[in-house]
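Thanks for sharing this one. Below are a few numbered notes to read alongside the coordinates.

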Amino acid sequence: MSEAGAPRAEPNDADALLVARIRAGDDDAFAALMERHQAALFRYLRGLLGDPEQARDLLQETFLRAFRAIGSLDQPGMLRSWLFRIAHNQALSALRRRRLVGWLPLPIGLRSAAPEPDRHAIASAHVAEALARVPPQQRAPLLLHLVAGFSYAEVAALLGLSEGTVRMRISRGRAAFRAAYGAGEDDDAS
């Protein structure tokens, strides 16, 4: 376990074995790799982007890029970190594009009527909305640490930051999340 009770991500012999099988041409091994890592990668991308559909698209792109570059992976036991780095870079590019392209709202007649969400959906939406208010430079380390289970040192290596910077961004990210989540509760009460 790492700081705050999050599980540590360490070199993994099972991942190294999968990489060796993939490099040897075993297509089933890549399917196993995807099965093993897709849920955690999806949670990270969804949390970072706030959009499940875009997260699914980037998850596919992440695995496609990983498949193409698996031969260049220097440390096969660090596959998980490598996959998260690819996903992180994909998400940052998507966030940059989002800032560059302004979307126009749909005319009222084109909007679909959605059913009333249940309490769980409202709570999940409230968490996602609060998380979306956390700046991406704080949201990424926060999600990598709390959701994906990487230690501060691993997050630092993955993002190319110092461990102190990671600790600061996670701390500020937690504070920003709490403030955004609390502000949303106040909005609901009015």
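1. A word on terms before the details: a residue counts as buried when its relative accessible area is under 20%, as exposed when that area is over 50%, and as partly exposed in between. Please keep in mind throughout that this is a predicted model. With that cut-off, Asp15 is buried, because its relative accessibility is 2%.

2. Which residue does Asp15 pair with? Asp15 makes a salt bridge with Arg36, and their closest N and O atoms are 2.8 Å apart. I liked this pair, as it connects distant parts of the chain: Asp15 belongs to helix 1 (residues 13–23) and Arg36 to helix 2 (residues 27–49), with their positions 21 residues apart. The two partners are not covered alike: Asp15 is buried at 2%, whereas Arg36 is partly exposed at 41%.

3. How many salt bridges does the structure hold? There are six, and the pair in point 2 is one of two I would set beside the next. Arg21 and Asp26 form a salt bridge, with 2.9 Å between the closest N and O atoms. Here Arg21 is partly exposed at 32% relative accessible area, and Asp26 is partly exposed too, at 27%.

4. Helix 3 (residues 52–69) has a salt bridge within it: Arg65 and Glu61 both lie there, four residues apart, or about one turn of the helix. Their closest N and O atoms are 2.8 Å apart. In general, an α-helix has 3.6 residues a turn, so residues three or four places apart point the same way. Arg65 is partly exposed, with a relative accessible area of 42%, and Glu61 is partly exposed at 24%.

5. Is Thr62 buried or exposed? Thr62, also in helix 3, is buried, because its relative accessible area is 0%. Leaving aside residues up to four places away in sequence, Thr62 touches Leu45, Leu83, Ile86, Ala87 and Gln90.

6. Next, a helix pair. Helix 6 (residues 136–146) and helix 7 (residues 152–159) pack at about 135°, and their axes are 9 Å apart. That angle makes helix 6 oblique to helix 7. The crossing of helix 6 past helix 7 is right-handed.

7. Which residues make this contact? Helix 6 contributes Pro141, Leu144 and His145, while helix 7 contributes Tyr152, Val155, Leu158 and Leu159. By type, the contact residues of helix 6 and helix 7 comprise six nonpolar, one polar and no charged.

8. Burial in helix 6 is worth a look as well. This helix is mostly covered, with eight of its 11 residues buried. Those buried are Gln138, Arg139, Ala140, Pro141, Leu142, Leu143, Leu144 and His145. Pro141, Leu144 and His145 are also among the residues that contact helix 7.

9. Helix 7 is largely enclosed by the rest of the structure, because six of its eight residues are buried. The buried ones are Tyr152, Glu154, Val155, Ala156, Leu158 and Leu159. Tyr152, Val155, Leu158 and Leu159 also take part in the contact with helix 6. After helix 7 comes Gly160, which has a positive phi, near 70°.

Technical notes:
Residues numbered from 1 in each chain as written. Predicted model: local features only at pLDDT ≥ 70, side-chain atom pairs only at ≥ 80, totals over all residues. Heavy atoms only, no water. Axes fitted to C-alpha atoms, helices over the stretch in contact; angles between N-to-C directions. Helix = DSSP H or I, 4+ residues; strand = E, 2+ residues; numbered from the N terminus. Parallel < 35°, antiparallel > 145°, perpendicular 65-115°, else oblique. Left-handed = near helix turned anticlockwise from the far one by under 90°. Contact = heavy atoms within 4.5 Å. Nonpolar A, V, L, I, M, F, W, Y, C, P; charged D, E, K, R; others polar. Salt bridge = Lys/Arg side-chain N within 4 Å of Asp/Glu carboxyl O. Buried < 20%, exposed > 50% of the residue type's maximum accessible area, 1.4 Å probe, protein only.
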